[in-house]
Every structure is written in structure tokens, then in C-alpha cells.
Amino acid sequence: MGKLPIRARVATTIGGAAGKVSRLTGRGDGSVIGGVVGLRVAPDLLRQLAAGRQIVLVTGTNGKTTTTRLVTAAVGSLGQGVATNAFGANMESGLVSALSSAPEAPYAVLEVDERHLPAMIRATSPRVVVLLNLSRDQMDRAAEIWLIARRWREAFSENPHVRVVANADDPLIAWAAGSAASVTWVAAGQRWHEDSWCCPDCGSHLRRDELGWRCGECPLSRPPARWVLDGDNVIDDVGMVRDLGLMLPGRANRSNAVMALAVASLFGADVDQALPELRKVVSVAGRYTSVQRRGRTLRLLLAKNPAGWLEAFDVLGAHRPPVLLAVNAQGPDGRDTSWLWDVDYRVLAGRRVLVTGERKTDLAVRLEADGIPFELFDNVDAAVDAVPPGDLDIIANYTAFQQIRATVGRSA
Ligand SMILES: [Zn+2]
């Protein structure tokens with residue numbers, strides 16, 4: 001920290017104080033407000049705070065926060081400090097807060113909003129960028145995610161020093177990473193195909209088979225992967241197979257873990273060193289957490305968009321406990337709930353389905369169309385009371401998730 005210019009030092013001190021005030025007054029965890037204040041004093045703060053560190057940027061539509069946590073754990077196995085924005089504050093101010101709160105850490109693993117990736121590459125000069133997936137978010141349409149991918153392509157060709165770790169199974173990701181000078185391809189899988197029927201390069205139909213995907217008209221095809229997620233196993237870049245054995249549930253988290261191992265290996269951590277650290281991660285920003293409530297065990301899952309709902313269904317308890325679905329349509333969720341029609345709810349057949357949230361009737365209409373019986377509830381506690389003691393899985397979109405967390409408490 002001693003080498004920071006005086007203005008930057010003043011800015012981080014003021015920013016840190018503002019963050020502390022924000023925490024004390026209960027206005028949040030302080031991770032954004034501190035950065036906002038700091039940036040106002042020194043607009044170049046992020047560049048200065050990033051200078052001289054080994055930076056990893058993590059982006060994509062789904063799995064950013066979890067992957068950031070897993071990469072932090074994997075890189076942390078090297079035994080040196082790692083700065084990170086663990087709570088998903090992924091705009092410039094969140095990155096500033098993360099770096100200024102760990103001034104001595106030689107490494108930083110930073111979640112970045114997908115729209116801000118090019119600017120954050122310019123500001124932090126990362127050694128590695130991790131690209132997970134790209135699909136429609138609530139407010140995006142297909143043309144917008146293609147535009148994001150095109151801006152990434154431009155950023156990578158302008159920054160040939162950046163090493164990219166990318167999911168080879170997502171065609172849009174593969175196209176975006178294709179302009180980078182150096183890519184580590186990971187076979188991380190793609191369950192959600194609805195946003196990638198067309199070739200991102202020429203617009204023709206993509207063909208899929210057991211070997212992956214390829215364009216019928218141009219040379220774009222799935223790149224051969226160095227790291228592979230194979231069921232519950234990771235196959236590393238020298239072909240060694242290991243059981244992942246994660247505490248975090250679901251296929252999406254296994255693929256996030258393989259991405260994390262690929263990143264850590266670029267910094268010299270081998271799988272036997274990094275994997276035990278990944279296994280210690282049990283929850284991420286309140287997700288996957290079990291909470292006791294009125295004699296029931298609630299497990300909270302966040303799903304913000306159609307692809308996210310598909311991944312959440314994959315994580316539901318195999319013993320088929322009842323599932324509560326909660327949908328809101330506030331600003332961060334997207335006001336329009338038409339995305340509900342992109343999700344196939346028929347996988348819930350045979351399970352007891354409970355529904356709550358501000359837009360529960362929208363969801364009810366959708367479930368009706370899929371022939372899934374459901375029960376409506378005014379709030380989470382009414383639903384909890386309606387199920388027998390035991391497990392209750394809960395899938396909620398963004399603000400519904402935050403409300404439920406506030407109700408049921410953040411403990412355990
Ligand atoms: Zn093509």
C-alpha cells in the first residue's frame with residue numbers, strides 16, 4: 001500500500017471509512033459505498049489498486065459469484081493473500097472496495113458484470129479472465145448477449161497478454177474467447193441450449209452431437225478441451241481423473257469447480273493442492289445454505305434467469321422434498337415475467353409444489369400450462385407451515401431470495 005500515490009491512499013482511506021459507516025448504520029455490507037466514495041476522490045483508483053497484482057476476472061451470466069468463491073479458494077491454496085469481492089458487488093466500485101480492503105494481497109479474484117468486462121480488463125490488466133456462459137438474463141434478448149460477446153472479442157484482441165479460461169461447450173463463449181491469444185478450454189457442459197441455436201459468427205444453424213457442436217456453414221466448432229468435467233469427476237490437463245467430492249450441490253457447481261482448478265493451475269497450484277480447498281466451500285452468499293425454520297429444514301437456491309432455473313432444478317433434493325417457488329418482478333428481477341415461459345416446469349411433476357412471491361399468479365398460470373399442480377401462499381412462513389416437518393427446497397429469483405433470507409435469517 002505504501003507505493004500508492006497519495007491521492008489514491010486518501011481515497012481508499014475515505015472509502016474505507018464510508019464503508020464502515022454504511023455497515024454501522026445497517027445500510028448494507030459496505031462493499032459498494034466505500035468504493036463509490038473512493039472513486040469520486042480518485043477516478044483512477046481501480047487501476048492503481050490493481051497495479052502489481054495477479055488478477056483474475058470472472059464473468060458470465062450464471063455462476064459468477066460461486067465461481068469467484070471457488071477460484072479464490074483454489075488460488076488461496078498457494079498460501080498467499082487473495083483479495084475478492086465475495087458478495088457479488090461486481091461493478092467498478094465493488095472491485096475498488098475488494099482491492100482496497102486487502103491492500104497487501106498479491107492475488108485478486110474479482111467477479112465482473114458481463115457488460116463491464118472490457119472496461120475492467122483495461123483498468124486491471126488481468127492475468128486471467130474466466131468466461132463461464134452467456135444466456136438471456138431477464139432483461140436481455142438474444143441480440144444483446146451477442147453484442148456483449150462481440151465486445152469481449154474486441155477486448156481480447158486488444159489485450160493479447162490476457163489468458164482466457166473458457167467453457168468450450170457454450171458456442172457464444174467459444175466465439176467470444178476465439179479472439180484471445182491464449183485460451184485454456186474447459187469442457188464444462190451446457191444444459192441450456194435455447195440461446196445458442198445459431199452460429200455466432202455467420203448465423204447458420206449449429207449442429208450438435210456427442211462430440212459437441214459445430215456450425216454447418218463456417219469453420220466454427222467446439223474447441224478441444226484441456227480440462228473436462230465428466231460426471232462427478234474432473235479430468236485434468238494431463239489426463240488424470242479425480243472425484244471432485246464437492247459439498248456444493250449440482251452439475252453447475254461441478255463445472256464451476258473445474259474452471260477454478262484450471263485457473264489455479266495457471267498460477268502453479270496442482271489439483272491435489274487446490275481441490276481440498278474447493279471441498280471446504282459449503283455455501284456462497286447464502287445460497288445452498290440450510291436454515292432451520294419452524295421445525296423444517298429450508299434450503300435456499302437462487303435462480304435469476306431461465307438457464308439458472310434449469311440448473312436449480314438439477315440441485316433439488318433427490319428424495320423429492322416439497323419445493324417452494326418464489327417469483328418477484330422488481331427492478332433487479334426484470335419487471336416483465338414473460339421469461340417464465342422459457343422455463344420447462346414439467347421436471348417438477350410428481351413433486352409437491354408451493355408458490356409464493358409478488359408475481360405468484362404469473363407463475364401459477366405458467367405451471368397450469370405445464371400441468372403441474374401447485375398451492376399458492378401469501379408468504380414464505382405460510383408455505384413452511386403447510387409442509388410436514390422435514391426438508392423444503394426453495395427456488396427464488398433475485399429480490400424474492402433477498403426477502404426470504406431476511407425473513408428466515410442469515411444464520412447457519
Ligand atoms: Zn457459422
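What percentage of the 412 residues of the chain count as buried? Let's find out in this predicted model, one view at a time.

**View 1. The whole chain folds from 14 helices and 17 strands.** Here is the reply to the opening question: 54% of the 412 residues count as buried. The accessible surface comes to about 17,200 Å², and carbon and sulfur atoms hold 52% of that area. Look also at who touches whom: among contacts with a separation of 6 or more, 67% link residues 24 or more positions apart.

**View 2. Four cysteines coordinate a zinc ion.** Zoom in and you will meet C199, C202, C215 and C218, each offering its SG atom at 2.2 to 2.3 Å. The angles among these four donor atoms run from 99 to 118 degrees, and the site is tetrahedral. Along the chain, the donors follow the spacing C-x2-C-x12-C-x2-C.

**View 3. Two of the zinc donors sit in separate loops.** C202 belongs to the loop between β6 (182-187) and β7 (206-209), while C218 belongs to the loop between β8 (212-215) and β9 (227-230). The pair therefore ties together parts that are 16 residues apart in sequence.

**View 4. Is each of these two cysteines buried or partly exposed?** Start with C202: its relative accessible area is 40%, so C202 is partly exposed. Now turn to C218, which has 18% relative accessibility. Buried means under 20%, so C218 counts as buried.

Key. Residues numbered from 1 in each chain as written. Predicted model: local features only at pLDDT ≥ 70, side-chain atom pairs only at ≥ 80, totals over all residues. Heavy atoms only, no water. Helix = DSSP H or I, 4+ residues; strand = E, 2+ residues; numbered from the N terminus. Buried < 20%, exposed > 50% of the residue type's maximum accessible area, 1.4 Å probe, protein only. Contact = heavy atoms within 4.5 Å. Areas by Shrake-Rupley, 256 points an atom, 1.4 Å probe, with all protein chains shown as cover. Donors = N, O, S within 2.8 Å, 3.2 Å for Na, K, Ca; no water. Tetrahedral: all angles 85-135°; square planar, octahedral: opposite > 155°, others 65-115°.
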